[in-house]
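Please open the model in your viewer and keep the selection tool at hand. The tour moves from one pair of helices to the relations between whole chains.

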Protein chains: 4
Amino acid sequence: MTSYRRPLRWAMVGGGADAFIGAVHRHAAALDGRYQLVAGALSSTPERAKASGEALGLPEERNYGTWEELLSGEKAREDGAEIISIVTPNHLHFPVALLAVQAGFHVICDKPLVHTLAQARELEAAAAQVGKVFAVTYNYSGYPLIRQAREMVRGGQLGEIRKVIVEYHQGWLATKQGGKQAEWRTDPARSGPAGALGDIGTHAEQLVAYVTGLELDALAAELTRFVPGRALDDDASVLLRFRSGARGVLLASQIEIGRENDLRLSVFGTLGSLSWRQEQPNELLYDQLSAPRQVLTRGGPGLGEAAARATRLPAGHPEAFIEAFANIYSGVADDVTARESGEKPEPLYPTLKDGVQGVRFVERVLASSAAGGRWTAF
Amino acid sequence: MTSYRRPLRWAMVGGGADAFIGAVHRHAAALDGRYQLVAGALSSTPERAKASGEALGLPEERNYGTWEELLSGEKAREDGAEIISIVTPNHLHFPVALLAVQAGFHVICDKPLVHTLAQARELEAAAAQVGKVFAVTYNYSGYPLIRQAREMVRGGQLGEIRKVIVEYHQGWLATKQGGKQAEWRTDPARSGPAGALGDIGTHAEQLVAYVTGLELDALAAELTRFVPGRALDDDASVLLRFRSGARGVLLASQIEIGRENDLRLSVFGTLGSLSWRQEQPNELLYDQLSAPRQVLTRGGPGLGEAAARATRLPAGHPEAFIEAFANIYSGVADDVTARESGEKPEPLYPTLKDGVQGVRFVERVLASSAAGGRWTAF
Amino acid sequence: MTSYRRPLRWAMVGGGADAFIGAVHRHAAALDGRYQLVAGALSSTPERAKASGEALGLPEERNYGTWEELLSGEKAREDGAEIISIVTPNHLHFPVALLAVQAGFHVICDKPLVHTLAQARELEAAAAQVGKVFAVTYNYSGYPLIRQAREMVRGGQLGEIRKVIVEYHQGWLATKQGGKQAEWRTDPARSGPAGALGDIGTHAEQLVAYVTGLELDALAAELTRFVPGRALDDDASVLLRFRSGARGVLLASQIEIGRENDLRLSVFGTLGSLSWRQEQPNELLYDQLSAPRQVLTRGGPGLGEAAARATRLPAGHPEAFIEAFANIYSGVADDVTARESGEKPEPLYPTLKDGVQGVRFVERVLASSAAGGRWTAF
Amino acid sequence: MTSYRRPLRWAMVGGGADAFIGAVHRHAAALDGRYQLVAGALSSTPERAKASGEALGLPEERNYGTWEELLSGEKAREDGAEIISIVTPNHLHFPVALLAVQAGFHVICDKPLVHTLAQARELEAAAAQVGKVFAVTYNYSGYPLIRQAREMVRGGQLGEIRKVIVEYHQGWLATKQGGKQAEWRTDPARSGPAGALGDIGTHAEQLVAYVTGLELDALAAELTRFVPGRALDDDASVLLRFRSGARGVLLASQIEIGRENDLRLSVFGTLGSLSWRQEQPNELLYDQLSAPRQVLTRGGPGLGEAAARATRLPAGHPEAFIEAFANIYSGVADDVTARESGEKPEPLYPTLKDGVQGVRFVERVLASSAAGGRWTAF
């Protein structure tokens, strides 16, 4: 890796002791040594927030009880946090992000970005005025072989793209159980208007856009609530039409018993195809017309620049989820550093634009579903 | 294996030298020694038909130039064929099958059965009168682990079925090339009103019905012709609603470069799920709530009666496509034998009913597609 | 397939109703229609032999009680069997084969060929005098992708061969159970001096020789009897040195719980490598220096002549164990036909030479093991 | 994770900018926030050492030119490093480790530990006197499913262990190329008396001992130098006998083109077996007598305590090499913390004892090889 400036001073909103994703953010931020956690408002009650902060070794005066205190407190300090990660249940993304942006912090926010397109646009407008980094943790974009796929597709190696299949299969919500994670994710007040669609369907939508650059034209959706009593969809099947004429299928489900975190992407063009599975992320299958399949491996022969820059280890030494997540974090750190030097690199990490697009996607899918599955313009 | 009567006297219509599927039928019929090829009208011109018959060693007087001659000739002989396989391009299925049924032959017919639902019903009516065997070669039903899946699903081991995903991915029609096979399959006059939908989508539809017994209620379809100048669909995505409330996704494509004959089935219930791939047919993945995945293997521990009866070799000695196809042929031979003894076993091979259902499926998918993808009652 | 002469008149010694391998031979012989079973002495007692023959529909006068009767009876008939398959427990291979050869029959014999090298040589001498076909059913040589591997290795595509790893993992003899198969295979009187070594180790040895042509120079062996009370080895690990300087590892075990019929071959050269697994026989992994792995598939792009000739179905329509076995049978039929026309093609099926080599291999491994695992000249 | 003390003050000897393994140590140490890099002597020349330290942001006065300076400098400081990682080519392990131990530092040292058994014992004696932590980075011990395998084997779930197969396949040294990594690893002066045997064979040996606890009794080895001009072995095949009567096979090679970092372990007992592959580390195959295979997944159902404690993410969110490595680092940090509280937990990370055993293994293999592959007492 290249040399770099001192670690960014980093604060977290949410992500306390019992939040799976909070620990992921900390591992990801820690991996390359580019972030130093200096403050937190780590949970939804001051008591639990402070207990979590103490366990993480936060200094007492920067271990805040509420996110409002954190933002004002850190803004006031000369050595205050430069960047805020928002790792709360979805309903808090909007208020926290808006205030953080207005206060001039760089922001890293979980997805789905916010509950409504109106919120998304307000946030976008606010962000446009301050010119700070705003990243959205569509973390699968951080996998080296996803970067490779993007480079190949956009470089024309597959020819014109005809069809995309993206699938996100999970089974952990096949019953009412599921612990704290399940609880808020199936509660409209905290999760927003979409269940599986918002939680994992948006990942799938973003992955397609990230890799292919295809622009949606219309969609037809079938949302289902399989588990009795559930308030939100736990299964989504969406047919896609893109402006280029390409077609797509997006499947997202959380009731498929036996599926763990089985995100898959296949892209088919006139000259070849690519296939990738998140659970085996170090392999990318590459098929060309009338040629044997090639298995591209992370760190192995035949890869391009983008994958190389996102890779830490030699081939055969597998990298995985945290490393991909860390690539988002390190990309943000690179960008902050570059901006300080007056540069404006094209970010490879997902930004507010991806976040807004995801909210729009949720809205259009819900509209199609509400209309009985009718094809609906994007 | 059990003891059995003398081989059935068997004739083929179609399936000459250069037809891939003709050789498959002969291998399948030969495997268990239950059929003896006694006559043929093997190609669409008398000249090529006779050349093929000669190469196969047919006696000259039973090596017919046309299928009409074959049916009348064999009917007239005391030692005439008992059973006719129809292995022609699709447009000939109807006239040949109808006449064969009327003439009192047992029939084995390729799929899709016929071009229109009206034809299908006429055939059904004719068959009802004569009471002979009429099998349709939805050959994937012959795989032992598909029989196992059927037994498990129908026996309730997965609980109530919530969702089915069936996919049939091929890439051999990604360009205009493809040889003789491609030529007739993309010609509406010979292939019928559907392309990929008819050729492989019907296999997918039948597999779901065969394994789950779920009855279709409605569907919404997206058919695409990706290859310029092609007259029929080469890609189909269909969302399914079943009467039970279950949901389904059916994908069939012939333009996915790198996919060979990648038929996959996943069935998800309230208690567990099953997953199977035709290209690795000796494994069936079985997931139960909160338990490690089990890998059921053909011939291995944990299998039921249905799989055992369809199995020839011990575990680890793989069986494949021809053996599955042969299970259809041997099932028909068993049935003919049983009927001669006055029994009427429930056939495990696909019958005219499956064939009619497939034609209906094609019609409803085309109707939905013609209506811009609208949900359409089945 | 090409046109061919009338089916060979074929008789079986052994292979009655409850013998797994007998049915395999019949399926294999039937698949391409090149053999017609005309006679049999199918079991070790006249009673059971005749019951089996009846079940298979043999005419009474050719349904023999003993193999001696079969050989003399068939020799005496004008329409007598032309070719004899020997499908008995190992100890009968020698007497039956010797007499069959002397009587002028073509012979197909199971492996391991005989119990001792002296027997092997006597058989070889007898066969040399009559000039008939003598095939040994090292059936894994019949897989299309093994033929492909042989063509690539011998054509120099891997460069100079450095190392070979051949493994044959089974678990069905991990306990004393195992049924009739287990019983005779663990009995020295019927199985010969070797257990797992003879049953599957010889397959492994032959596969290496078949694919690479490497000649053994020396070996060091560790034979183990893991199951208490067993009289023969159930596990063998053998290090190999070849004359060319190449090295090898051969593993064969029947006590590895969970392994079904897991035969694997990897060949490493100075330019590339190949890897193949019998349980997934339609894939051959091909690695070249500094290039992405290629997955060669049976029927797929990039294959040579040898694989094409051994292939019946298009890519993605899997072929398996029986088809590979049938390639041995059809190769023999081709050879018999060619000899009748005065040709002498180089056979691709395994011959007496392979059989003798296998017996020698067993003897040298036993010698090394008896000497405490010492390196022993081949 | 539990709460913990302040990060350990940590220094590195070796592991500068262009050393693959140095970055791995830093990622691993960073991941859980338990280490703070305070000092380094990062390369073999003062100039390059300091350039690397600068790039990593080390304060100038603790960015040492030589390891001797580092040890004395840090020892002299009140806030000096508490723990030293030794990440140099092998020949420096001994002098650095000995002095570090004598100076009272905790030590984390790469493997193979040292060049000779005499050195290993001297180090052991020195360490015994000071009672600090001495870990050896047999990092594969850190994988959660290896911990699971250990727990299952030692808990008797496989019954009595009969056989172990451990394989470590690489291809990156198939030619003379290979960059800086290849250069020192094939140089006896820096790598020690063994090539592939020392570099990866020792990992394989340790993995067997770690999982099974089996004690070696004797071995027979075949070492080969395939690449012309190479001074050390690049391929090792070793047959193993354990005191319990179990048998083993250990394969290690660096000339197998196409193999990346393909470490595999299979353990076979009287009741069941386990199989694991490093390149797919989130799956552990578990076979029991007469039952379908189970696929245990990291984070999934059916796992025990040891795996749970080594796991950061839910099932399906893959963890990999760095996380396993980090488990060694965090285990050491736990141990240091525990010792400060007067506890003496049984460490799960590999210790000096493993390191000494590895050196002994190398010596015995070399002895057997020098004796022409003779069985040699351990």
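Select H1(A) and H1(D), helices being DSSP runs of H or I with at least four residues, strands runs of E with at least two, both numbered from the N terminus: H1(A) passes H1(D) in a right-handed crossing, the near helix being turned clockwise from the far one by less than a right angle. Each H1 spans residues 20–31, and the two axes come within 8 Å and cross at roughly 145 degrees; axes are lines fitted to C-alpha atoms over the stretch in contact, with angles from 0 to 180 degrees between N-to-C directions.

This is a predicted model, in which local features need pLDDT of at least 70, side-chain atom pairs count only at pLDDT 80 or more, and totals for chains, interfaces and linings use all residues. Residues are numbered from 1 along each chain as its sequence is written, while chains are lettered from A and ligands numbered from 1 in the order in which they are written.

Now show A:His27, A:Ala30 and A:Leu31, which meet D:His27, D:Ala30 and D:Leu31; contact requires C-beta atoms, placed from the backbone, within 7 Å.

Next, select chains C and D: a turn of 180 degrees with a shift of 0.0 Å along the axis lays chain C on chain D with an RMSD of 0.0 Å, which is the relation of a two-fold axis. The superposition is by least squares on C-alpha atoms of residues with pLDDT of at least 70 in both copies. In chain C, the C-alpha nearest the axis belongs to C:Arg374, 3.2 Å from it.

Finally, turn to chains A and B, where the contact takes 28 residues from each. On the side of chain B, E9(B) supplies the largest share, 4 residues.

Notes: Two residues are in contact if their C-beta atoms, placed from the backbone, lie within 7 Å.
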